[in-house]
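Me: I want to go through this model and test each label against its criterion. Short answers, please.

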Amino acid sequence: MQEKIIILDFGSQYTQLIARRVRELSVYCEIHPYNNLPAFDESVKGVIFSGSPYSVRQEDAPQIDINLFHNKLPLLGVCYGAQYLAQKSGGEVIPSTIREYGRANLHYINEVNPLLKNVPKDSQVWMSHGDTIAAIPEDYEVIASTDTVRVAAFHVSGTQTYGIQFHPEVTHSTDGKQLLENFLVDICGCSQNWTADSFVETTIASLKEKLGNDKVVLGLSGGVDSSVAAILLHKAIGPNLHCIFVDNGLLRKDEFQQVLDSYQHMGLNVRGIDAKDRFIGQLTGVKDPEQKRKIIGRVFIEVFDDAAHEVQDVKWLGQGTIYPDVIESISVKGPSATIKSHHNVGGLPDFMKLKVVEPLNTLFKDEVRRVGKALGIDDIILQRHPFPGPGLAIRILDEITPEKVAILQEADAIYINNLKSSGWYDKVWQAGAIFLPVQSVGVMGDERTYENVICLRAVGSVDGMTADWSHLPYELLARISNEIINNVKGINRVVYDISSKPPATIEWE
Ligand code: XMP
């Protein structure tokens, strides 16, 4: 049985980060909303209460019965979680006289307390709270303080219940990881057995049991998630996995064939479908980005549905859903309000009525890469930059034509190849070329030209939510610009995008 930690989410922006840190310590954990508790069987080794945007003093603040956990399982309250424990046990929580936000240092530390093992005096921590624990119950012991916060950490004497006012999950808390490790290993007794290899082994065994002799159909995109999901399923059920890889004509130059070849090389039962004309035909004359996205989504569903029908007796739809998507839909804030467009078209396509199998739905993105590596998947797939589903359609501003797609593919290939040969590909999070709908005057030889502009974009990011433009060397940009203008007919000007997100976005459409 996979031992685990349960993180109860009270709505903090940092809850996911706690989970990531726990996983980094090779301990499996799950996030659950405070108001929808999972089963607490013997696999649960401990509980963490997250922070919250609420104050414990608010009437509508999230409530939970602490006696379900306190004295039954090791328990760590973080920020709101700590204040909630203190208040419910008879302590007093009051508004802070000054807002405590940012770095602070633990000038007092109880060095013999197991939670603080190897955490040095004056360790830097990250505070973010508007309330302070002013008084604690008698059986609570203060085990760390800063200059302004006396109860920076507490231990309920004689129990395995702890609270900390700061955020150990944020990297600004320099010993936060040590503190979490102390809680997980020394206090909860976790054996740190959550590794990519153990995940692969247990997942393949459980997929075998779940799927038996059933057939599964899965759409590959060339991206990391669907590729790793496919290989896991393939290891479990072999040729009963039927993969479909659609060429929508909007992929990078030669990408369809290269990726198809590498899938086949990995032994996948994969069918490539050339649907270029079907997509481009439907996009003719369309300028609006959202319209483009809808059309591409709809045509993909049609093409996929046709292909899935050709697999006899298929029972399951495989998907590369990862944990952040799952958390989003179960979060305290409730399921995302966005209704996907295919939910509006009346009557779902047949494949969407299949049972769904999602082998990666407990993993974070970096874990998916590690699992991919453990499965022996090529770096060409694992280290690939994110690429949007609508592909080059949203990198050709305005109307799409086959000629523009061809020009953009050439320019983009020159750009990406140079990033790779200069070692910059792995240093940037995402890069791509954009075809701008403007023409400008140039001169080539004795000729005046009036041609198109290519914009280069490269950004650094962690998750795509925020991004900063990458500071590529001038020499590299000069080489790329020359190569594009000299080799790609129809382009006489290259520009570099120096906008960050926000306020810009990564894609131009
Ligand atoms: P933005 O442009 O919103 O992009 O800053 C953030 C990340 O999302 C990708 N992206 C998309 N991915 N379908 C996708 O599958 C889309 O319609 C789409 N739009 C943007 C983008 O490439 C970046 O990684």
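Me: How do you know that a polar side-chain atom of Arg-293 makes a polar contact with an oxygen atom of the ligand?
Reply: First, a caveat: this is a predicted model. The distance between that side-chain atom of Arg-293 and the ligand oxygen is 2.5 Å. The cut-off for N or O pairs is 3.5 Å, so the pair counts as a polar contact.

Me: What makes Gln-430 and Lys-501 polar partners of the ligand?
Reply: An N or O atom in the side chain of Gln-430 is 2.7 Å from a ligand oxygen. For Lys-501 the value is also 2.7 Å, again from a side-chain N or O atom to an oxygen of the ligand. Each pair lies within 3.5 Å, so both qualify.

Me: How much of the ligand does the protein bury?
Reply: The protein buries 68% of the area that the ligand exposes when taken alone, which is 490 Å².

Me: Which residues are closest to the ligand, and how many surround it?
Reply: The shell has 13 residues. The closest are Arg-293, Gln-430, Lys-501, Ile-506 and Glu-507. To be counted, a residue needs a heavy atom within 4 Å of the ligand.

Me: What is the make-up of that shell by class?
Reply: It holds 6 nonpolar, 4 polar and 3 charged residues. Arg, Lys and Glu belong to the charged class, so Arg-293, Lys-501 and Glu-507 are charged members of the shell.

Me: What is special about the peptide bond from Lys-501 to Pro-502?
Reply: That bond is cis, with omega near -15°. Pro-502 sits in the segment after β19 (491–496). A cis peptide bond also joins Pro-502 and Pro-503, with omega about 10°. Pro-503 lies in the segment after β19 too.

Me: Now the sheets. Why are β2 and β6 called edge strands?
Reply: They belong to an open sheet of 8 strands, ordered β2-β1-β3-β4-β10-β9-β8-β6, with mixed pairing. Strands β2 (29–33) and β6 (108–109) each pair on one side only.

Me: How do you know that β1 and β2 pair?
Reply: Pairing needs at least two bridges. Strand β1 (residues 4–9) and β2 have 5 bridges, in the parallel sense, so they pair. One bridge partner is Cys-29 in β2, opposite Ile-5.

Me: Which strands does helix α1 touch?
Reply: Helix α1 (residues 15–24) packs on the sheet against β1, β2 and β3 (44–49). Its direction makes about 160° with that of β2. Helix α3 (residues 176–187) packs on the sheet as well, touching β1, β3, β4 (75–78) and β10 (161–164). The angle between α3 and β4 is about 160°.

Me: What makes Ser-26 worth a look?
Reply: Ser-26 has a positive phi of about 60°, yet it is not a glycine. Ser-26 lies in the loop between α1 and β2.

Me: What is the strand order of the 5-strand sheet?
Reply: The order is β13-β12-β11-β14-β15, an open sheet with parallel pairing. Strands β13 (270–274) and β15 (355–357) are the edges, each paired on one side only. Neighbouring strands are turned by 30° against each other on average, direction ignored.

Me: How do you know that β11 and β12 pair?
Reply: Strand β11 (residues 215–220) and strand β12 (residues 241–247) share 5 bridges in the parallel sense. At least two are required, so the pairing stands. Val-217 stands opposite His-242 in β12. Helix α5 (residues 224–237) lies across β11, β12, β14 (314–318) and β15, at about 160° to β11.

Key
Residues are numbered from 1 along each chain as its sequence is written. This is a predicted model: local features need pLDDT of at least 70, side-chain atom pairs count only at pLDDT 80 or more; totals for chains, interfaces and linings use all residues. Side-chain values use heavy atoms; hydrogens and water are left out. A polar contact is a pair of N or O atoms within 3.5 Å; within protein, one must be able to donate a hydrogen and the other to accept it, and residues adjacent in sequence count only if both atoms are side-chain atoms. Accessible areas come from the Shrake-Rupley method with a 1.4 Å probe; for residues, only the protein chains shown count as cover. Helices (H or I, at least four residues) and strands (E, at least two) are DSSP runs, numbered from the N terminus. Contact means heavy atoms within 4.5 Å. Axes are lines fitted to C-alpha atoms, for helices over the stretch in contact, and angles run from 0 to 180 degrees between N-to-C directions.
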